[in-house]
Amino acid sequence: MTVTEATPQAPPERPAERGNARKEGWIRRAPLLPALIFTIIVTQLPFLVTIWYSLQSWNLVRPGSQRFVGLENYATVFTDSQFRGVALNSIILTLGAVFIAMILGLAIALLLNRAFVGRGIVRTLIITPFLITPVAGALLWKTVMFDPTYGLVNFVLGPFGADQTDWISTFPRAAVIVALVWQWTPFMMLLILAGLGSQPAEVLEAARMDGANGFAVFREVTLPHLRRFIELGVVLGAIYLVNTFDTIYMMTQGGPGTASANLPFYIYQRAFLGFDIGESAAMGVVTVVATIIVATLALRLIFRSFSAAEEA
Amino acid sequence: MADVVFDQASRIYTAGAKPAVDRLDLTVSDGEFVVLVGPSGSGKSTALRMLAGLEEIDGGSIRIDGENMVGVSSKDRDIAMVFQNYALYPNKTVGENMAFPLKMAGVEKSARAEKVREAAAILGLTDYLDRKPRALSGGQRQRVAMGRAIVREPRVFLMDEPLSNLDAKMRVSTRTEIAALQRRLGVTTVYVTHDQVEAMTMGDRVALLADGKLQQFATPADLYDRPANAFVAGFIGSPAMNLFTVPLTERGVRLAGHELALPRDVRATLGTHQITEVTLGIRPEQWTVTDSGTEGIPARVDVVEELGSDAFLYGTLAESTGDLSDDSAVLTGSGQDAVVVRTGGRSGTRRGDRIALTPSVEGLHLFHPESGERL
Amino acid sequence: MTAATASGTTTSPNAAAPVPRRTGRGSGALLTVLAWIVGIGFFFPVLWMVLTAFKTEADAYTDPPTLFFAPTLDNFVEVFAGGVGPYLLNSLFATVVSTLLVLLLGTPAAFALSLRPVKKTQDVLFFFISTKMLPVVAAIVPIYVVVNYMGALDNIWTLIVLYTAMNLPIAVWMMRSFFLEVPRELLEAASMDGASLGRSLREVVLPIVSPGMAATALICMIFSWNEFFFAVNLTASRAATVPVYLVGFITSEGLYFASLCAAATVAALPVVIAGWIAQNKLVQGLSFGAVK
């Protein structure tokens, strides 16, 4: 389970051969450049343009309306109570789904981390929600599962008095979280399973020899070992989930009102339904800044995971 | 068939830092089996990899058959190497592994098959040619690696600790096989190991490296009998030579309060060095053991290692028998007075016994107390 | 001795095979049953989707739901007759071409970041991973404007370019981790055996990393196939992909569970199968190779 890594450094150059070394450097770099340049152009330039747009007043519906307005859009965004509500929704949806998925994933991984009949099949069954096209999954939850009359959820919960509840309009955020948790628990489970698999058997045996019972072994040995995997799962899950669009689009359209809209969906609405380029660009920039804060943390974690793996 | 010359060859990883290999001079004659030995970090593997073309030569040169190898890539050097973990191509069969260098050299398919068959016969791999490396035992993999090296009849064989992944018994038998094979093929061979027993048993000559510097390059017998410095003396031989720092006296040296007389000419040599102390080396087999109270240096036996054919006594020297009180530290590792003695097997000596030890005068090695050079 | 040995020779078993431990018989059986219940529970919505796809609409709309019914292929016939074909073709084309491009660009890059590393390897890796962390939504506006300006709206090649950029960082990281698993000695041995770099890559490295490359390709395919945000915003009719096709089912108010489920089954089937095949490497891909 180790990622042996360690960025082998290029050998130091001899001063006399600097010309050669430069040539050698370009030979080494050559295979990298196409991918690097392509990625920079396609992923970085748009962000720069976004910053430029965010300083403009520009609505596509009114041609010729484009003009430079400085930070005005940002002022609008920060005073927009809807935007603040949507930002809060983003946090609730992301964190809610990530934490519930992690807890379930951890429990299921522990359940599956033993030899039993059909283990491979059970594992395959569980990961299916993660593979299925999210749009199809969301559609499935909206209709077959949550439909007030014919949905399975109400059928199952019927005996408990949940008959005819319209889950999606009554609890839009919770409904979205349920669909997201269903989709992301398998990912967490796979991650934790990998973590459990990377635990050397000797350590567990040693702990048992030292007189620890099952729960003590889990708390004192397994859980600290899993810490890195849990952190990674939370961070990666948050990064992927903060971008959630399809599930909201399909299940609630952000509604009722903006009750279940997150930032991606709201920005989409402003840009493609409201045609307000300037304001949606400003929201985009705000989102990016917020994400960078989280992402910096995430990157540090991932790199730490790498170095930890090296030591292992 | 070729000779190999290291001429002031150096490898410097980071400018200004201590070189990994420091101005190494070494001449390997055609057909010779030379072993590079040394502790880890001594630069022996780096030196080998420089010869292989896997490390840069940052200073000096390395010549094969008079041809300078600086700037020549490994694939053009016509040398073969056996790696520590064998580096067999996992997706190729044994036969394909062995045929690979021939294929790269553009040898025709039928000729390739023929050569592989020959090599496989020599190495007893004929029945395994269609297997993948992972289906082989460690010893068989080792032989495939050997086979891959010998099929193409290179100018030089390089071997980088090829036995270190084998179990102890296998190591001994393979050691003999490799040495015999090399004699039979007559290909110049440079062999790296950290195991001094391998070095002594396999090499025509042995080069001992430490800290990137060559300590001594000599036949195994010379290395053992006439170590060039205290490091060589301590490294070669198992158990290691006893080394004591002792004061010089009128007639010789004083060890544990007992004067050991030295021949006049030796004393004369020592006199030219303006030293008051000297490092005295005595190999374990150069002691005579007698009963306590007889002539000799009193000693207490702390540990006995009985090997059957012979035995090693680990003990403590003292000025007088009385100093060997029972509660004095056992195996404190203080060095100065600890001694290892080889005796015949089943000598009957026990732990705690008091004995007297007399070194043989011919068996004394003297080294400079600071530089460690042989005097 | 060597300054930078970066040989990872860990041949760890896949995530599929950690060290399972057998528990006592009684509690063991209970846990096994529990594991199966959880497994089926998670799978159930998918199973129900597939079952419903084979029902008539009448069977699909019952309260309580019908478990036993006469299966019919009518819904699938209807889905294909209703024109899912072009969407499937678009998805297939975008997925396959973008994955090929990813491999074409990503393999040399991964090589330059592992076996023959460039000096700023860490920085480049950092850059690649950071592109995955920036929200796509922040770039959609200029992308839309530029694509519109270039007249490339509703063009499958637009999606191909974007999907390639979307998957490239993951592929570079994944393949790098596979390259790093190739013992450095193998390359050295090949060079001692007289092979040029190109030869050793083809003859020695490629056979070793090809399973990893296959897994990388499958994961890129899953992402491209499932992608919705770009597809819904940048395509209309000609270049629309399968997820966009599914959107049609929520806008039509009269719900038809059975045909909807048939459509969703058709849409999801390719990626589910791809994912089942690649499941052992799935985590490695999604965690940028941090976890195997």
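Reader: How many residues of domain 1 of chain B are in contact with domain 2 of chain B?

Author: In this predicted model, local features need pLDDT of at least 70 and side-chain atom pairs pLDDT 80 or more, while totals for chains, interfaces and linings use all residues. Residues are numbered from 1 along each chain as its sequence is written, with chains lettered from A and ligands numbered from 1 in the order in which they are written. Chain B divides into domain 1 (4–235) and domain 2 (242–367), with bounds from an automatic or database domain assignment. With contact taken as C-beta atoms, placed from the backbone, within 7 Å, domain 2 of chain B is met by domain 1 of chain B through five residues.

Reader: How far apart are the C-alpha centres of these two domains of chain B, and what is the class make-up on the side of domain 1?

Author: The C-alpha centres of domain 1 and domain 2 of chain B lie 39 Å apart. Ala, Val, Leu, Ile, Met, Phe, Trp, Tyr, Cys and Pro count as nonpolar, Asp, Glu, Lys and Arg as charged, and the others, Gly among them, as polar. On that basis, the side of domain 1 of chain B that touches domain 2 of chain B has three nonpolar, two polar and no charged residues.

Reader: Which helix of chain A gives the most to the side that touches chain C?

Author: The contact takes 96 residues from chain A and 102 residues from chain C. On the side of chain A there are 68 nonpolar, 22 polar and six charged residues. Helices are DSSP runs of H or I with at least four residues and strands are E runs with at least two, numbered from the N terminus. With 14 residues, the greatest contribution on the side of chain A comes from helix H14 (residues 277–311).

Reader: What is the relative direction of helices H7 and H9 of chain C?

Author: Helix H7 (residues 156–180) and helix H9 (residues 197–226) of chain C pack at about 155°, with their axes 10 Å apart; axes are lines fitted to C-alpha atoms, for helices over the stretch in contact, and angles run from 0 to 180 degrees between N-to-C directions. Angles under 35 degrees count as roughly parallel, over 145 as roughly antiparallel, 65 to 115 as roughly perpendicular and the rest as oblique. The angle therefore makes H7(C) and H9(C) roughly antiparallel.

Reader: Which classes of residue make up the contact of H7(C) with H9(C)?

Author: The residues that meet include C:Tyr163, C:Met166 and C:Phe178 in H7(C), and C:Val209, C:Gly212 and C:Phe223 in H9(C). By class, the residues of this contact are 13 nonpolar, four polar and no charged.

Reader: Which strands stand at the edges of the five-stranded sheet of chain B?

Author: This open sheet has the order E15-E19-E16-E17-E18, with antiparallel pairing, where two strands pair if DSSP finds at least two bridges between them. The twist averages 45° from one strand to the next. Two strands have a single partner each, so one side of each is left without a neighbour in the sheet: E15 (287–291) and E18 (338–344).

Reader: Which residue in E17(B) stands opposite B:Glu305?

Author: Strands E16 (residues 297–306) and E17 (residues 310–317) of chain B pair in the antiparallel sense over seven bridges. Opposite B:Glu305 stands B:Phe312.

Reader: Which residue in the turn of the E9(B)–E10(B) hairpin has a positive phi?

Author: Strands E9 (residues 205–210) and E10 (residues 213–218) of chain B pair in the antiparallel sense over five bridges. Two residues lie between the strands of the hairpin, and the positive phi of about 50° belongs to B:Asp211.

Technical notes:
Two residues are in contact if their C-beta atoms, placed from the backbone, lie within 7 Å.
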